[in-house]
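Open your viewer, load the model and get ready to click your way through it. Each stop tells you what to select and what to look for.

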Amino acid sequence: MPIISELPLMGVVVAALVVAFLVALVATPVVKSLAFKMGAVDVPKDNRRMHDHPIPRMGGLAIYLGFLLSVLIFLDLTQPMRGMLLGATIITVLGIVDDIYALGAKLKFVIQICAALVAVLSGNVIDTLSNPNVFSSDLYWDLGWLSIPVTVLWIVAITNAVNLIDGLDGLACGVSTISSMTLLVIALVVSEGEIAILMAALAGGCIGFLPYNLNPAKIFMGDTGSTFLGFILAVVSVQGLFKFYTIISFAVPFLMLGLPIFDTCFAFIRRIAHGQSPMHADRSHVHHRLIDMGFNQKQAVAVLYIISGILGLSAVVLTTSGPVKAMLLMMALCFAGAIAGRIFMSNNRKEREQQESHQDKEE
């Protein structure tokens, strides 16, 4: 029997987080050595890379191990849970192979669909969607036969969305931590104990890995980590948030995962508008634009953490206090963030002008 039946929920949540944290913290140096031996090393070869020396990838394996051990200790392996873990294992193995050999996009896409199908056919399915039209008499839509393709599309899309924002030290791991903590709080509020423990395990694994991944990074999570995190967040959102027959279930997943969703949609629209393939790699993601605006890596990551935090806090308020208060909170925080950003950019501009002026005088 899992430990969840013997302890109060908050005690299990904290224990799950701590176990995953300790496993990831201890496992990361081991994974780092393994990555070097297996050739899973990121060598800077284009201007999309923000580092100037080889750094090992595959660090997401430590997050996976922490999460998996914590889940096996604290949760019962129901059929949906087994399907999620099996799908996550497929994604992790795919990520390891990709970090070593750099697989083609089409092959990865096919295997991601297979992993999503494993989770979906095990019971992790969006069978209903809340109606975003608040004036309609129908509170929700019954998807019927569309439930399987819609769920697979959601899982694969979020898996790749988190992967696409993994462009700066600590960015994808930190944003995933914020998203998982958001869902953890919401799950506690609505008494979804299993979801809360799952998110505690995921957050713990991310937090244990972060010290090695923050700028300057000693190891990257690679596709092993970013696709794993996206997959788990997508499947857990299917298990929990899409099950409620209210407007909350439609809005909360998009707030919780707002940053990767926005960045992916913007990237696809931009590439299609330029006549490129949607999967074509470029240097125009949100984090690249912040770097080009004059932010350094730590500053850019901090800005994106704040944005994710605002979206996550809005999701929590939406769940607990309703849509009006959530919208007011988001508007107020965005306004404050815009003013702070304006002041910060003004100071940065002045500093650059002073440095340039000083250099001109020296010449």
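The tour begins with the whole chain and then moves through a helix, the core, some charged pairs, the surface and a few unusual backbone spots.

**Stop 1: the whole protein**

Keep in mind that this is a predicted model. Show the cartoon view: there are 13 helices and four strands in the protein. Of its 363 residues, 48% are buried. Now think about contacts between residues with a separation of 6 or more: 72% of them join residues 24 or more positions apart.

**Stop 2: helix 2**

Select residues 60-74, which form helix 2. At 1.5 Å a residue, these 15 residues should span 21 Å, and the end C-alpha atoms are 21 Å apart, so expectation and model agree. Next, colour the buried residues of this helix, among them Leu61, Ile63, Tyr64, Phe67, Val71 and Phe74. Which helices do the buried residues of helix 2 pack against? Show helix 1 (9-38), helix 3 (79-101), helix 6 (171-189), helix 7 (193-213) and helix 8 (222-239), and you have the partners.

**Stop 3: the nonpolar core**

Keep Phe67 on screen and add Met84, Trp154, Met199, Phe228, Phe231 and Ile232: of the 80 residues in the largest nonpolar core, these seven touch the most other members. Helix 7 gives this core its largest share, twelve residues. Zoom in on phenylalanine 228; beyond its neighbours within four places in sequence, its contacts include Ile63, Tyr64 and Phe67, as well as Ala88, Leu202 and Asp223. For a second, separate core of seven residues, select Val252, Leu311, Ala315 and Leu318, which are among its members.

**Stop 4: charged pairs**

The structure holds four salt bridges. Start with aspartate 42 and arginine 57, whose closest N and O atoms are 3.6 Å apart. Aspartate 42 lies in strand 1 and arginine 57 in the loop between strand 2 and helix 2, so this pair ties together parts that are 15 residues apart in sequence. Is aspartate 42 buried or exposed? Its relative accessibility is 9%, so aspartate 42 counts as buried. Add Asp99 to the selection to see a network of salt bridges that links Asp42, Arg57 and Asp99.

Now select lysine 108, which forms a salt bridge with aspartate 98 at 3.2 Å between the closest N and O atoms. This pair connects helix 3, where aspartate 98 sits, to lysine 108 in helix 4. Lysine 108 also forms a salt bridge with aspartate 223, and here the closest N and O atoms are 3.5 Å apart. Aspartate 223 is in helix 8, 115 residues from lysine 108 in sequence. Both aspartate 223 and lysine 108 are buried.

**Stop 5: a patch on the surface**

Switch to a surface view and select Met10, Val14, Val18 and Leu22, which make a nonpolar surface patch of about 340 Å². Valine 14 belongs to helix 1 and is partly exposed, with a relative accessible area of 45%.

**Stop 6: backbone oddities**

Most residues other than glycine have a negative phi, and most peptide bonds are trans. Select alanine 102, in the loop between helix 3 and helix 4: it has a positive phi of about 55 degrees. Serine 191, in the loop between helix 6 and helix 7, also has a positive phi, near 60 degrees. Finish in the loop between helix 7 and helix 8, where you find proline 216. The peptide bond from asparagine 215 to proline 216 is cis, with omega near -5 degrees.

Technical notes. Residues numbered from 1 in each chain as written. Predicted model: local features only at pLDDT ≥ 70, side-chain atom pairs only at ≥ 80, totals over all residues. Heavy atoms only, no water. Helix = DSSP H or I, 4+ residues; strand = E, 2+ residues; numbered from the N terminus. Expected span 1.5 Å × (residues − 1). Buried < 20%, exposed > 50% of the residue type's maximum accessible area, 1.4 Å probe, protein only. Contact = heavy atoms within 4.5 Å. Core = buried A, V, L, I, M, F, W, Y, C linked by side-chain atoms within 4.5 Å. Patch = residues over 30% accessible without salt bridge, like charges linked within 9 Å, V, L, I, M, F, W, Y side chains within 5 Å. Areas by Shrake-Rupley, 256 points an atom, 1.4 Å probe, with all protein chains shown as cover. Salt bridge = Lys/Arg side-chain N within 4 Å of Asp/Glu carboxyl O.
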